[in-house]
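Here is a friendly walk through one part of a protein model and some of its charged contacts. Have the sequence and the 3D view open as you read.

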Amino acid sequence: MVLKNTLVFSVFVIVSVASRPSSPLIKNVYPGGIHFEGPHWSTSENALYWVDISGQKVLRLDETGNVTTKDIGYGPVTLAVSVKDYPKMLVVAVRSGLYFLDWNASPGDAALRLLSVVDVGLPDNRCNDGKVDAKGRLWFGTIGKEVGDFLDKDQATLYMVDSNNYQYPAVKVRPVSVSNGIAWTADSKFMFYIDTPTRNIDVFNYDLDTGILRNRRTLFSFKANNVTGLPDGMTIDSDGNLWVACYDGGKVIKIDSRAGKLIEQHKIKASKVTSVMWGGRDLSTLYVTTSRRGLTPTELATQPEAGSLFAIERTGSRGRPENQFVFPGADSY
């Protein structure tokens with residue numbers, strides 16, 4: 001475990017359409033990552049968890065600004081969400097499996113306890129992004145084989161797992177190429193979803209009781225709205241607006257989830273913006289993860305802050321408490 005306390009500041013903001021008494025402020029909270037992803041705010045701990053996929057780490061930022069890490073030697077780690085009623089207990093995705101990870105356990109892969117495996121027979125697939133719904137069920141997806149910039153499309157799946165089906169997670173969307181951002185409206189009647197290569201944000205009618213998805217349609221097209229880059233991670237604010245990371249677009253955009261209209265753009269000092277999540281005690285800080293994976297030496301020279309965790313403050317928006325995975329007996333599983 002590594003203990004650090006780092007705070008670096010940078011400001012670079014583009015805001016369109018909306019005006020505010022004070023401009024948003026972007027801070028570089030924690031630099032030095034390779035491929036930061038998957039931020040998750042634990043309201044019970046007042047802490048942010050996120051991962052470094054290529055660095056094979058899970059990281060935790062507490063309210064004092066201290067960052068601690070867990071190294072996962074087994075393979076790329078792609079999501080980390082907290083478990084309800086078990087402080088510092090996480091579900092993490094490593095390769096194509098889900099594991100419980102006790103933050104207070106001994107270092108190393110011995111701390112991992114296997115919960116579930118997916119995409120059996122597709123050894124080059126791995127897990128990717130995931131979120132928990134209001135019933136405490138984890139929705140997570142996979143990604144097909146990657147070789148450089150080449151991706152084996154339509155080989156992945158969006159799954160749903162809970163305390164009853166964890167041995168055989170339910171298939172919810174297939175085929176998928178790169179399963180990414182997920183968000184729900186406050187009333188859980190709609191679920192938003194990103195399969196990155198489509199360059200679209202889709203919406204489903206959602207039945208919270210059954211977890212059934214219906215009537216998939218496109219809410220927002222990057223192509224039709226002339227938005228550069230690819231849609232990656234996504235979150236939703238208390239007003240129902242979506243905040244979307246633009247990979248290879250160098251920004252975070254805000255979208256009206258009812259009208260499917262672009263509201264704002266916030267420029268980040270890194271082209272590969274990977275995901276976003278509301279945090280802080282009042283949930284008014286938007287945490288933004290970025291990557292430096294695949295950047296050329298020239299690009300790295302012009303983007304020295306690529307691979308950092310950023311925070312956007314004073315947006316005038318705030319999030320809702322993030323759901324936690326419900327699994328009775330997780331501590332003794």
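## A lysine in a loop

Let's begin with K135, which is partly exposed, its relative accessible area being 43%. Please keep in mind that this is a predicted model. The side chain of K135 meets that of D209 in a salt bridge, with 3.7 Å from N to O. K135 sits in the loop between β12 and β13, while D209 belongs to the loop between β20 (200-207) and β21 (212-221). The two residues are 74 apart in sequence, and the pair links distant parts of the chain.

Is D209 buried or exposed? With a relative accessible area of 60%, D209 is exposed; the cut-off for that class is over 50%.

## The sheet beside that loop

The strands that flank K135's loop, β12 and β13, belong to an open sheet of four strands. Its order is β12-β13-β16-β17, and the pairing is antiparallel. At the edges are β12 (126-132) and β17 (170-176), each of which pairs on one side only. From one strand to the next, the twist averages 20°.

How many bridges join β12 to β13? The two strands pair over five bridges, in the antiparallel sense, with β13 covering residues 138-143. To find the register in your viewer, look for V132, which stands opposite L138 in β13.

## A salt bridge from strand to strand

The structure holds 13 salt bridges. One of them starts from R126, whose partner is E146; their closest N and O atoms are 3.4 Å apart. R126 lies in strand β12 and E146 in strand β14 (residues 146-147), so this contact ties together parts that are 20 residues apart in sequence.

The two partners fall into separate accessibility classes. R126 has 9% relative accessibility and counts as buried, because the cut-off for buried is under 20%. E146 is partly exposed, at a relative accessible area of 35%.

## A pair further along the chain

Another salt bridge joins the side chains of D256 and R258, at 3.5 Å from N to O. Which side of the buried cut-off does D256 fall on? Its relative accessibility is 19%, and D256 counts as buried, since the class takes values under 20%. R258 is exposed, with a relative accessible area of 55%.

How values were computed
Residues numbered from 1 in each chain as written. Predicted model: local features only at pLDDT ≥ 70, side-chain atom pairs only at ≥ 80, totals over all residues. Heavy atoms only, no water. Pairing = 2+ DSSP bridges. Axes fitted to C-alpha atoms, helices over the stretch in contact; angles between N-to-C directions. Salt bridge = Lys/Arg side-chain N within 4 Å of Asp/Glu carboxyl O. Buried < 20%, exposed > 50% of the residue type's maximum accessible area, 1.4 Å probe, protein only.
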